[in-house]
Amino acid sequence: MIELLNLCELAVETALKFGADEAEAFLTRGREISVRAEANELKLATSHAADGLGIRVFSDRALGFASVNVFDEQTIEETVQMAVSLSKATPQDEHNVLPEPRPIKTISGLYDDQAQAFGMDQAITQMEEMLAAARNYDSRVMIDSALVNAAIATHAVMNSKGIKAEEQRSLFSHFIMGMARDNEEVSSFNHRFDSARRASELDGKKTAMEFAGSVVASLGATRGESFAGTIILSPDAVLELMIGPIIWAVSANNVQKGMSRWAGMAGKEVASPMLTIEDNGQLAGGACSASFDREGLPHTHLTIIQDGVLQNYLYNSYTARKEGRGSTGHASGGTRSVPAIGPTNLTIKHGEQSKEELIGEVERGILVTRFSSSPNPVSGDVSGVVKGGFLIEHGKLTRPLIETMFSGNLFEFLSKLSGLSRETERLAFPQEVGLVSPYIRIDDVAITAG
Amino acid sequence: MHELLESLLGEFSGVEYGELRYHERKGLIVSVRQGELEAANSTVYSGIGVRAFHHGGWGFSSTSRIDRESIKGAILDAISGARAAGKKEGARLGEASLATGRFAPEIEDPLSAHSFEEKLALVRQAESKVRSFPFIASAACSYRENLDHKYIYTTDGARAEVVDSKPEFRLFGVAAANGDRVEARESMGITGGWTDLFRKDPDELAETVARRARDLLGAKHPAGERAVVILDPGLAGLLSHEAIGHTVEADFVLSGAITKGKLGQKVASELVTLVDSGPSQYGRLAGGTVLVDDEGVITERTEVIKDGILKSYLHNRESAALFEVRSTGNARAYEYSDEPLIRMRNTYIEPGDRTLEEMISEINEGYLLKGAGGGQADANAEFMFSVQEAYRIKDGKLGELLRGVAISGQAFEVLQSVDAVSKEFRFDMGAGYCGKLQMAKVDGGGPFVRCKAIIGGRK
């Protein structure tokens, strides 16, 4: 086992030797096994190394960055040299300063002691259980693809200001996707996924049965009607529709560069008082938790929106320095690019009513279980197709829908919330964002039928 | 490399097929936003992806260490993976035109002949040009290049060296007024060199982006309805790729996509011939051009739909055997550590014989839709994608500009409704990537296509 911090140190020292004023090395060394099924059958078993080293340097406050996946001394030296030479050609920026170290508290539950022992045989057994659970649910279920994945990675970061941190994490995840087919009728695609730091926290059978239930329920879907009505978003639809634009709007880089609708709105009301959103990168055992961020600073537990009032933007050290404040520990990204800004484990605070009560109060509307759209994060404009949905009439779900669209502005939707469910679901998309969300009801939305 | 790979092919024992794919990718990204440099990233990722096939199962492993022992270890991992996954005796791989020799696109002005300083200066200049317009609140520009070098060796005879060069250029502007903001974007991506990429002047492109953002800011939203629309070449490409192309990828067909069992049937208007091609056509080298796929197969021009009739699925060697056809050369892996999957290349509708002016003049009420945004589609060919600009057409005349919308429909129904196809053709998705477990560089395009689709509106 190569000492990762020694490699980081070599990279940082080499950069200073070549004339950089400041240098940072971020290194990942990982091993991953996965099993994939295609067309209802076990298809592929893979094992591979996921290695990378990213070197960021500042010379006269000008940026250079280079990345490589081969770790011998000569290659590291050449890569550092590339980063330094880029920094000699780029413009100066007074905010190009690496962060100073902060105390790091180790977050528990990020590594499963059983991870090393988790082998291909176990992954194959889990896959076979998932496939069987989905197929046995209903013979019309068609599995397009399914994945079982186990990864162990060690991340190390060091900079010339004294930051030095290393952590080993494990991540287990699975995914199943497909449709239901009843003679000539093909339902919409649907998928379910989950991920966790410990293998024992994942339940493949449950995920597979939820997937199977959702595609079978969408059979027999018919076109909707055009009206202005209420939509109720499932946690999945919340993730698809709302999270991207909200995170875009609170990322300090977008705020500072005129690309956020919420620039200048800190301390002001941006949503219904029902809405509270937190981000907690220090959550013990959280799929998106870590003891330190991409720059080696501790993550934080941050309130983004409290009772509809915007509380905090997300900062990395570059954007924080511009405002003369500290990073919130939201530097994100891997070894191939300079640190960006990203969320960790998000929670939308649940409400008091049950999901059934939320539906029961709707005269005419749609329960949206899956939504396909490309929300525009700058304007908030959204227009998309309900891929999984049910018509609600007089407080009851009456039939599944296809070819039904709704449109509007996401930031306006946020002020038209009329209820959040007591029930929440946890969605953890590997490496990206974790979300705990209730069902969310929004009034007065333009719905278009085909 | 040749000797090393050749000598290691003998290590695949106890399996039916083995494949060694060395892939080095040198990448550069330069990105400027609001006058600030956000990225000056140089990356080099290289290694060997190893695949084995046995009794219908695949094993895949990869290593970034290019020495005999490490590669042997990866081969053993791949063999044991294939033996664990393989349960079907008699499964085989299909016939294919296996590549031998060196394959490289013809490039007159290689990217390596242009310095980092020149690339940075061009990006800064274009970004500042967008921002120079008083109504622009925010601007961004980026340049990206991927230079690939591969060796693909298989136990049954492929011995290919493949070189590739794919640059991209993107521009983005946001116009803002009265708390409202709207964006516009333009992008270009090709297979080739510097001059080929910048056939359009970046300064003119910057002006286009800025003025479009301004015009969209003042535009109204259309009402939602099913309408007669004209898709521009980019949207025709997106429809071909997202909504049709994915449903004819043989792995999707096998798992029950709507095209299953429909070969030989009429699935579109007879005006529609839809192609997915590895080689490029129509002038420049399109961004999704692939000369040899990642199973070492020489790619072909595949007619998916010919005059409205479904003719072919898109195959790798395994699906080709199941369908008793030859591989179409659609097996692609993004990097050395990715296994080849069935992916598209350049996907487009062939041009027709009409002019855009004629097509507009025959519409009583409808829309001209321009500028493909993101898109998604389903196994049942139901699609949704966003469109930057919608121009109203009334009584055969082009009218006011409306805010971008999403359009949707069932793609085969949309293709059945096609009643006019223009002579004018272009590729317009060359800066695009397709995501299916891993990324792939693809392109798409077409003529202007008149059809019926659903527009998602505000009323």
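This report covers the domains of each chain and the contact between the chains.

**Model and confidence**

The model is predicted. The predictor gives the complex an ipTM of 0.93 and a pTM of 0.94. Chain B has a mean pLDDT of 94. In chain B, 99% of residues reach 70 or more.

**Domains of chain A**

Chain A is split into domain 1 (4-217) and domain 2 (222-449). Taken over C-alpha atoms, their centres are separated by 23 Å. The two domains touch: 37 residues of domain 1 of chain A are in contact with 31 residues of domain 2 of chain A. On the domain 1 side, several elements of chain A each supply at least two residues, among them the strands β1 (22-38), β2 (41-59) and β3 (62-68). Further along chain A, β4 (141-159), β5 (164-182) and β7 (190-196) each supply at least two residues as well, and so does α4 (204-217). By class, this side of domain 1 of chain A has 16 nonpolar, 14 polar and 7 charged residues.

**Domains of chain B**

Chain B is assigned domain 1 (2-217) and domain 2 (225-456). The C-alpha centres of these domains of chain B lie 21 Å apart. Here 41 residues of domain 1 of chain B are in contact with 35 residues of domain 2 of chain B. Elements of chain B that each supply at least two residues to the domain 1 side include β1 (17-33), β2 (36-54), β3 and α5 (202-217). Also included are β5 (136-154), β6 (159-177) and β7 (180-189) of chain B. The largest share, 6 residues, comes from β2(B). By class, this side of domain 1 of chain B has 17 nonpolar, 12 polar and 12 charged residues.

**Contact between the chains**

Chain A gives 64 residues to the contact, and chain B gives 64 residues. On the chain A side, the largest share is 9 residues, from β2(A). By class, the side of chain A that touches chain B has 28 nonpolar, 25 polar and 11 charged residues.

Strand pairing crosses between the chains. β2(A) pairs with β3 (residues 57-63) of chain B. The sense is parallel, over 5 bridges. A:L44 stands opposite B:W58, which is in β3(B).

**Contact sides by class**

| Side | Nonpolar | Polar | Charged |
|---|---|---|---|
| Domain 1 of chain A, touching domain 2 of chain A | 16 residues | 14 residues | 7 residues |
| Domain 1 of chain B, touching domain 2 of chain B | 17 residues | 12 residues | 12 residues |
| Chain A, touching chain B | 28 residues | 25 residues | 11 residues |

Notes: Residues numbered from 1 in each chain as written. Chains lettered and ligands numbered in written order. Predicted model: local features only at pLDDT ≥ 70, side-chain atom pairs only at ≥ 80, totals over all residues. Domains from an automatic or database assignment. Contact = placed C-beta atoms within 7 Å. Helix = DSSP H or I, 4+ residues; strand = E, 2+ residues; numbered from the N terminus. Nonpolar A, V, L, I, M, F, W, Y, C, P; charged D, E, K, R; others polar. Pairing = 2+ DSSP bridges. pLDDT = per-residue confidence, 0-100.
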